[in-house]
Structure formats: structure tokens, C-alpha cells
Amino acid sequence: MGDVGVSNGNNNYALYSSSGYSNVMTHSLSKETLNDGVYEDQMGFLGPNNGDDANEDGHDAGGDRKDMTELDKYWKAVRDTPQDFTGWTYLLQYVEQENDLIAAREAFDAFFKCYPYCYGYWKKYADLEKKNIFIDRCQEVFERGVAAIPLSVDLWQHYISFFRTQYPGPEYEEKTRSLHERSVQSAGLEFRSDRLWEIYIQYEIDCKKPRNAMEIYDRLISTPTQLYSHHFEKFEEFVRDNLPKDILSAEEFLVLRMEYLKNQKASAPTSDDASAEGEQNKKSADSSSTNDDAKTENDAKKEEEEASAIRDKIIELRRVKHKANEEEVSRRWNFEEGIKRPYFHVKPLERTQLKNWRDYLDFEVENGSHERVVILYERCLIACALYEDLWLRYAKYMEAFGEDGPRSVYDRACSIHLPQKPNIHLARASYEEKSGNFSKAIEALNFLEKMFPTYLPAKFRRLGLVRRTGKREDVEALFKKYIDAATSPSIASLYAIKLARYRFKVCGDIEGSKRILNTAIENDKDNPKLYLQLVDICYQTTPVDEEAVVTAFDAALEGDSNLDTKLLLAQRKVEFLEDLGCDIVRLQEAYNDLSKLTRTGFENRKRVLEDRSDDSVKDKRLRMELNGVAAVTAVTAAGTAAQADPSSYNYSWAGYAQNYNYQTAWNMYGQQYYPQQ
């Protein structure tokens, strides 16, 4: 039997410290754990090894690997599209039905590589191992599951139930207690963790350890949970059913008892009353013998009164904590009521759900402790695991508490939940660079480049990163690599422009930057950005090289750029010669060229407008012809009706005008014949 772990002592929630949670997650999802019976391809996706591994336990795990063709079909679906959650469910359902344990292990391990937050499938995996009587493997699966999703109350309950069923003897009492303690350390701050606390308390009561149960109650009373009021009621019953000395620590019991005795002494009878009472007792002493049983009964009554008073004091002291806890619950109740889907699913969350999570996080960051903020972020990112902005927000929050916390957040987001979201990888690279860890920053950008070979921001970020290291040779080599690997001339030109700027601004190599741009122009002559960058470099030299600037403008204007681009270039040429030129003839020629281009542009626009006008005239004529056809049809129908009914010969010029769709009646034609333009 594997060790279930030991409680952490003083820090009951150390698992969620800035580094504790990172360690758990890294251990639970390491390659050694996940690649049991599987291989990992270039993109980190897990697939079957076709059953080449032998069964290490020496048992027949489901017999022969039959119907591999059908299995391969399911594998192909998830291998081609790892984000197809439905395809994964079909694969897992198939291996479960076939009871092929080796195939099932491969499938489940691969599935959890992509979706570790699906607690129900961890339970299925463990049940499959248990069904095949691999108890140690079953426990191992549970351990991996609660490490991957430590806030899963349901998974902890299943694990505890399994462990207590398999190891019921008193010799396993400490390990069972340790497992209970781990469950409340990990998930005890979850708002719906009530059941974990209840079974832990009941276990201690069943083990005849009421003092341990009292210590758990003390923690629970101060923990905001959904059933906080019910827990306090159960606590009061627990105190009433047990003697104070059995549930309190020795120190607290002695303090409360001394306080009780002090109060009793303060309320004892005066000296005169005591003398009178003594005289009365003396008189009755002769007539009444001492009764030991009566004395014992009197002592028992006093002890009961003492115990009752101490119980009331215990409850009174805890009620103060309960009231404070009640206030904390009431402040969070509306947020908790707004959480309709606390578990993971690939389906998008409703906007109201996302807003509720964001508002809740804002509230907790402002009002809660760091411990509670971390727990809430972890809860949120189970339900919102596919939302990049919340991962970025969590990482940003954790930056104030050391390097391990943000790195754990970025590791999980980039490698498990959001491998195909570029922004999270860029943010991770920025964080590592800011932390001075350039190798990890480059590693993050390399991963992003492999995932998205044509994603330019990743390449630009890497160029900037290498440039900030101060290694000019590496910068030049990386630029050359990207230019050579460019998929189109325009992309190569973009890199060339950036390299020319680098040479000019950082290295101070003006001629070198010009050569880079001229070489790029030879390969992409119609790209105006190259000419503009060349002009810009010549423009910024001191003193200004007029000849070089004009030559660059002329080369750009002679290219096959569109008219708008040429107009822009010609205008900039005129502005340059006006401001900094020394030759009036050249300026006049530049004005003439600009005028010609402007005239050409005007004529082109006029021609376009005329074409549009012709089209509108044609449309108007067509509408008039259609209206005429309709009118003729109407008149023909009226004539036919008149022949059938002589009384219908009722001529009306106004009606005639309406039938022919004339715009005005005949009596108005004298006022205005032509329509206004």
C-alpha cells in the first residue's frame, strides 16, 4: 500500500502557498507520471504505443488487443484534433466497454494530458483499475487525480471511501487520519466542502477521539462554507454530549475550570450565613448519620453543574467566532449563488457567469486574505480553464508573492489548458525575461514558434529579446534566418525593414542599413514601405544627404505602386525639397510631377463618378419602362372590363394620369413641366 501522505503541521493550507501548489501540479503532471505506457510526439500529444509494453503486474489485463482497427479510428480522431472533447469521450467509452486495461491506461493518460480537471474521469480510471483488482494502481490514480485537481471535493470523497474500504483495520488509523487531513488542507476552503469536514469529524468520533473532533470543529467554525449554520448546531450537540475534559486541551480546560471556581467562590454565602448554617448542621448531626451515597450524589450534582457551566462557556466562546464567520459568509453569499457551473467543461460559460467570477475575484482581492484569494482563483480556473484573460490575471496577481507562483500558473496554462493561445505564451516569455531568466523566455518563444510557425508577433518578440541581451551577432543571425525562411517577399521585406532600423539606430551603420533595403527592393520592387524606410533613413542622417533622399523618392515613384501611394511619395518629396532642398529646379520639377499625379487622380475619380452616373441613368430608364408596361397592362384590363360593362365608360383624366403613373395631374402641367434637378 502506498503512503497517503502526512499532514503539514502548523500550516493547514500550505498546499496553496505560492510554491506549494506549483510543486503538487508539477509532480502530478510530470512526464514520468503521464507517459506510463504512452509516447509523446513533437507537439506534446500522447498516443498509443500499440500495446508493445508488457503488463508490469503480470496479470491478464483484458485479454488480447482485439479490434484494433476500431480503436485506431477513435485514436485518429483525437490525434488529428486534440481539442475534440467529444472524440475523447468516445475513445474512453470504447476502451471501458472493451475492458482492455492496457488500452484504457493509454487512453486515460493521454486524455488527462489535455483535460486534467475532469474529476469524473479520474473516478472512472480508478474504478477500472479496481475492477481488475489492481488496488495499488487504483490508489495511484486517485493520488494523481487529487494532485491534478486538489479542490475536487467529490474526488476526495471517493478516494477516502476507497481507502477506508480497502484498509479498515486500526493499524491504518493514522494513515486514514492523514488522508482526511490532506483533504481538508487541500479543499477545506472550498465553499461547498462541507461533506469533507463532516466525514473527518465523524471519523474521529468513531475512533473515540473526541478531542481530535473538537480541534476540527474549531477550524470549521471559522471557515466560510455553505452549511456553516448547520455545522454550529452540530457542534453544540457535540459539546452537550461530551464532558469538557474529554474534548478540550488540558490548558483550555484548566483555564475554564478555574474561571468557573472563581465565579462560584465569588457567589459563596457570607460568614454570618455560614455560621448559622454550621450551627444548624451541628444540631442535626446527632439525628442524622453521614450518608456516603448522599455525599456522592451531591458531588455528582456539583460536577454536572460544573460541566454544564463549562459547556456553556465553550459554546459562548465559539459563538463569537461563528458570528464573525457568518458575516464573512453573508458577504460572499451572492457571489456563491451566482456560480452555476463550478466544474470544468469545454462549453463556453455564460457572460453573467464570467462577470460573476470577475466581480468575486475583485471582491476577494480587496477584502480577503492571500490564502483565500489563491483558493478562489483556483476554483475559478477549474470552471474557466479555457479563458486566457483569467490565467493572465492570476499570474499577474501572484507576481507580488515570489517567482514560483507565477511560474506555476504559466506552466499549467501554457502546457496543459491553453497551448494554442499565443498571448499567454508571450506573457510567459515577458515574465521570464523580467525575472532575468532569458533561457526560459527563449524556450517559451521557441515553443510558440513551433506551435504557430507563421505567427509574426512571436518572432518579433524573440528578436527583441535577443536584441536586449546585447548580442549583436545573434541578432543579425536571427534576422537572416527569418528572412531566408520567409514565406513571401512582403514578409521578407518586413524583416529587412526591421533589420535596417536596427543597423541604423543601434549599430549606427547607415550604409549597411541602405544596402539591406536596396537588396530587399530588388526582390520586392512594388513594396512602397521599403522605399519609405529608405527615404526615412536618408532623411535622418546628419547632414542630410539630399541626393540620396531624392534618389530614393525617384526609385519609389518609378515603381509599380498604386496611384495613392505615388501621390503620398510625391507629396513627401515636395515637402522635403521645400524644407531642406538646395536646388530650385529640382523643387519645381517635383511640383510638376505632383501636379501631374494629382490631375491623373482627379480624372480617374471623375471617370468613376461618371460610370456610376451612367449606371444610375440606366437604372432609372429601366424603372420607367417597367412602370410603362404596368400601366399598359392596367389600361388593357380596364378596356376589357368596359367592353363587358357599358356603364363602366366613365372617363376621368385624373384617373388616366394615375393609371399611367404620371407624377402630376394634367391641370398642374401649366405650372411646371420639367422636374427640378
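**Exercise 1.** In this predicted model, work out which residues of helix α25 are buried and what covers them.

*Solution.* The buried residues of α25 are Ala492, Ser493, Tyr495, Ala496, Ile497, Leu499, Ala500, Tyr502, Arg503 and Phe504. Turning next to their surroundings, one finds that the cover over these buried residues includes the helices α23 (456-468), α24 (472-484), α26 (510-523) and α27 (528-540).

**Exercise 2.** Compare the reach of α25 with its expected span, and then state what phi Gly508 takes just after the helix.

*Solution.* Helix α25 runs over residues 489-506 and has 18 residues. From its first C-alpha to its last it reaches 25 Å, which is close to the 26 Å expected at 1.5 Å a residue. Just after the helix, Gly508 adopts a positive phi of about 70°.

**Exercise 3.** Determine how many disulfides the model contains, and explain why Cys380 is not bonded to Cys384.

*Solution.* A disulfide requires two cysteine sulfur atoms within 2.5 Å. The sulfur of Cys380 has its closest cysteine sulfur in Cys384, at 4.0 Å, and that is too far for a bond. The count for the model is zero disulfides. As for accessibility, Cys380 is buried, with a relative accessible area of 0%, and Cys538 is also buried, at 1%.

**Exercise 4.** Decide where the coordinates call for caution, starting from the mean pLDDT of the chain.

*Solution.* The mean pLDDT is 80, and 76% of the residues reach 70 or more. Over residues 5-46, however, the pLDDT is below 50, although this stretch has 96 contacts beyond near neighbours in sequence. Residues 283-289 also stay under 50, and for them the model has zero contacts beyond four places in sequence. Where pLDDT is low, the predicted coordinates should not be read in detail.

Terms used: Residues numbered from 1 in each chain as written. Predicted model: local features only at pLDDT ≥ 70, side-chain atom pairs only at ≥ 80, totals over all residues. Heavy atoms only, no water. Helix = DSSP H or I, 4+ residues; strand = E, 2+ residues; numbered from the N terminus. Expected span 1.5 Å × (residues − 1). Buried < 20%, exposed > 50% of the residue type's maximum accessible area, 1.4 Å probe, protein only. Contact = heavy atoms within 4.5 Å. pLDDT = per-residue confidence, 0-100.
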